[in-house]
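Dear colleague,

I am handing over the structure we spoke about, and below it you will find a description of what was found in it. Please keep the model open while you read, so that you can follow each part in turn.

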Amino acid sequence: MEFDKSFFEDEIRDGFYVSAEMKHAWAAQLEVLNDVDKACKENGIQYFAEWGTLLGAVRHHGFIPWDDDMDICMKRPDFNKFVKNVKNIMPEGYQIYNIESDKDNDNLLARIISGRTIDFSAKYLDKYHGFPYVAGIDIFPLDFIAPDREEDDYLCTVIDIVNTVAKFMRMKDSENEAIEGEDLEKLNSNLLSIEQLCGVRIDREKDIIQQLNILVDQLCSLYTEDETEELTIRAIWQKNKAYKFRNSYYKKAVRIPFENITIPVPFGYDAILKQKYGDYMKLVHTWDSHDYPFFDKQRDIIREKSESGLNEFKDTLEDVITFKEHVAILRGKRKVLKALDNKKKKKNVVFMPFKPEHWDAMDGLWREYKDREDVDVKVVSIPYYYKNYDGTVEQYSTSAEYPDYINVLSEDEYNYEKDDPDEIIIQNPYDGYNVAATIHPRYYVRNLLMHTDKLIYIPYFTTDEIDAQDMRADVSMNSYVTMPGVVYADEVILQSENIRKLYIRKLTGFFGEESRHLWENQLNSNGAQYLVNDNNNPLRYNRIPGKWRNQAVRSDGSYKKIILYYISTNGVLEHKHEMFEKIGRTMDVFKQYKEDIVCLLAFENNMEEVLEGENSELLMDYQCALRKYNEYILGNGELMDAVKACDAFYGEAGAEAQMCRNANKPVMIENVYL
């Protein structure tokens, strides 16, 4: 698989900070999924996105930002076929982790993994995009529920009996206790009962727990799709009889975007997600940090075995204080030299953004300095590089440009060592401690500090306000708080008092409580005043696709409301002709209010391709709609601009609705039957 270098950069998604390290984990899992997808296609095996992967595909067209793993599911026949043939159908190196391959595993799901050990070989790193850890995907079997309630109750009872015996033995095994006396007699009696109930023989000379787990797996798969109308994940069904779905939801798959690929989701994904999560468009963070990220334990192994194994910021409080004392001496000498210079000079302030795309985060502060008569302001573009896993770097290039009203100097046009500016403002906190990218070492914080009287760091990003109990957000803060730009800057400008307190908590946790006074003096919460609310910026109307721009302006120069009306392929497949009747009713309403509203009608990109293979009558309905509403329909590549430019969203739930909601725009999910 190919990924653009930019994919691996730290990013804010839905208000959550996704670290570069997590991006590499995502890429590795996508590589696994891509190989699973090929194997399934070539061998007639159907799989579907499951759990957070399903929700992420529908709501985000990719990973849920605070999720770190991937889940898929297969109906039992496909599951058994895949697990049995893994070695033959998957590329070299893959292994299956399940109850048959691993005696200490009690989970009925399977996990396809890239290997068993951390691997720094060039071959492994090249395939898994610089991610040295074991990556994998959980595969859940979907089993069919007995058509008769009494039959199902009996099956559940038998499974509970087998599970109880297996758990008892596992408990004794984990506590290193021998099973003897009355316990041994009871165990033998229970094993005999299980053999009689299930018509099997349990070999007392082999691993009994593993045999019991395999028996449970076989019991779960007793019924076939033709015999029943509902399916479930049996491990959940044993305790929760509400967890079941219609077979029809999984009759076929619809492929939808997921990061840089497409992934199959169940035909009835909307009903499935509503049953699993209720209002699945509502963002709900996973609060715990248990095993997050999933590779954390593997990372600890490298830390234990090799001091140089991980490129992590490890400065101590003593290091920080010693260096700041050294800087203070240099600044004292400069102060004396400036005092001897009788010429009246303006204050010299230099802004050092590291990418044009992030200028917005500096613009407000730049304007404040620019308006002052006693300040001379410069903007210098500093070199930025992408890192390769082999230690080489590639200089970043972009078609993005800084605003026309800024005179941006190149590194060749400005030398901060000679200029010794009064203040330097930076955006990049990482120096060399980011796994995806770096700036030139010349612009590392320690070097800049020795040539200025004040170094200010203002983050290039803003997150949602973080709840102090949100442990996954807390873990992600390790990637941007305990970094040189924050630790060594004279001043750090943060978005709110809440975020400031969390920074202080993170820094004192890293350096010790005795460091608190440093951070309380260094960090402020004044950043909000420099943030621009894009929704109130008239320039956003420039993002409207060209043919719509004139329609959006009234004769008096004011702007009409822009409504993005979005129709998904799944919505058409689920609601069929009723969907196109709903579109007709809705468009009639928009036409009535055309003096005040501009409607941008968007159909999902893959609709024609899917309908050609699924339903010729629906394809005709779609093509008719294209002709009838041609003047309202967005063209290819215009949807993202419409998301940014619109005032509100109406239509099908999905990633487009979520993007509008993230931008604090009103979102209404349509009811086809109203």
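Helices and strands are named here from DSSP runs and numbered from the N terminus, a helix having at least four residues and a strand at least two. In that naming, F7 is found in the segment before β1, which covers 11–13. Please bear in mind throughout that this is a predicted model.

Let me stay with F7 for a moment. Is this residue buried or exposed? Since buried means under 20% relative accessible area, F7 counts as buried because its relative accessible area is 14%. Leaving aside residues up to four places away in sequence, F7 touches R13, K23, W26, A27, L30 and E259. With E195 the picture is one of separation, for F7 and E195 are 188 residues apart in sequence and 54 Å apart in space, taken from C-alpha to C-alpha.

Next comes a pair of helices. Two packed helices are described by the angle between their axes and by the distance between those axes. Helix α2, residues 51–60, packs with helix α9, residues 269–277, at an angle of about 125°, and their axes are 11 Å apart. That angle makes α2 oblique to α9, and α2 passes α9 in a left-handed crossing. Which residues meet there? From α2 they are W51, G52, L54, L55 and V58, and from α9 they are Y269, I272, L273, K276 and Y277. The residues of this contact of α2 with α9 divide into eight nonpolar, one polar and one charged.

The sheets come next. Strands of a sheet pair through backbone hydrogen bonds, either parallel or antiparallel. One open sheet is formed by seven strands in the order β16-β13-β12-β17-β19-β20-β21, with parallel pairing. Its edge strands are β16 (408–409) and β21 (523–524), each of which pairs on one side only. Within this sheet, β19 (residues 454–457) runs parallel to β20 (residues 491–493) and is joined to β20 by two bridges, and the bridge partner of Y457 is V492 in β20.

Another open sheet has four strands in the order β23-β22-β24-β25, and here too the pairing is parallel. The edges are β23 (597–603) and β25, each pairing on one side only, while neighbouring strands of this sheet are turned by 20° against each other on average, direction ignored. Helix α25, residues 655–662, packs on the sheet and touches β22, β24 and β25, its direction making about 150° with that of β25. Helix α21, residues 577–592, lies across β22, β23 and β24 and runs at about 175° to β22.

How is strand β24 placed among its partners? Strand β22 (residues 561–567) pairs with β24 in the parallel sense over four bridges, and the bridge partner of Y565 is Y650 in β24. Strand β25 (residues 667–669) pairs with β24 in the parallel sense over three bridges, with F649 standing opposite V667 in β25. Both faces of β24 (residues 648–651) are covered, since A648 and Y650 on one side and F649 and G651 on the other are all buried.

With best wishes

Key
Residues numbered from 1 in each chain as written. Predicted model: local features only at pLDDT ≥ 70, side-chain atom pairs only at ≥ 80, totals over all residues. Heavy atoms only, no water. Axes fitted to C-alpha atoms, helices over the stretch in contact; angles between N-to-C directions. Parallel < 35°, antiparallel > 145°, perpendicular 65-115°, else oblique. Left-handed = near helix turned anticlockwise from the far one by under 90°. Contact = heavy atoms within 4.5 Å. Nonpolar A, V, L, I, M, F, W, Y, C, P; charged D, E, K, R; others polar. Pairing = 2+ DSSP bridges. Buried < 20%, exposed > 50% of the residue type's maximum accessible area, 1.4 Å probe, protein only.
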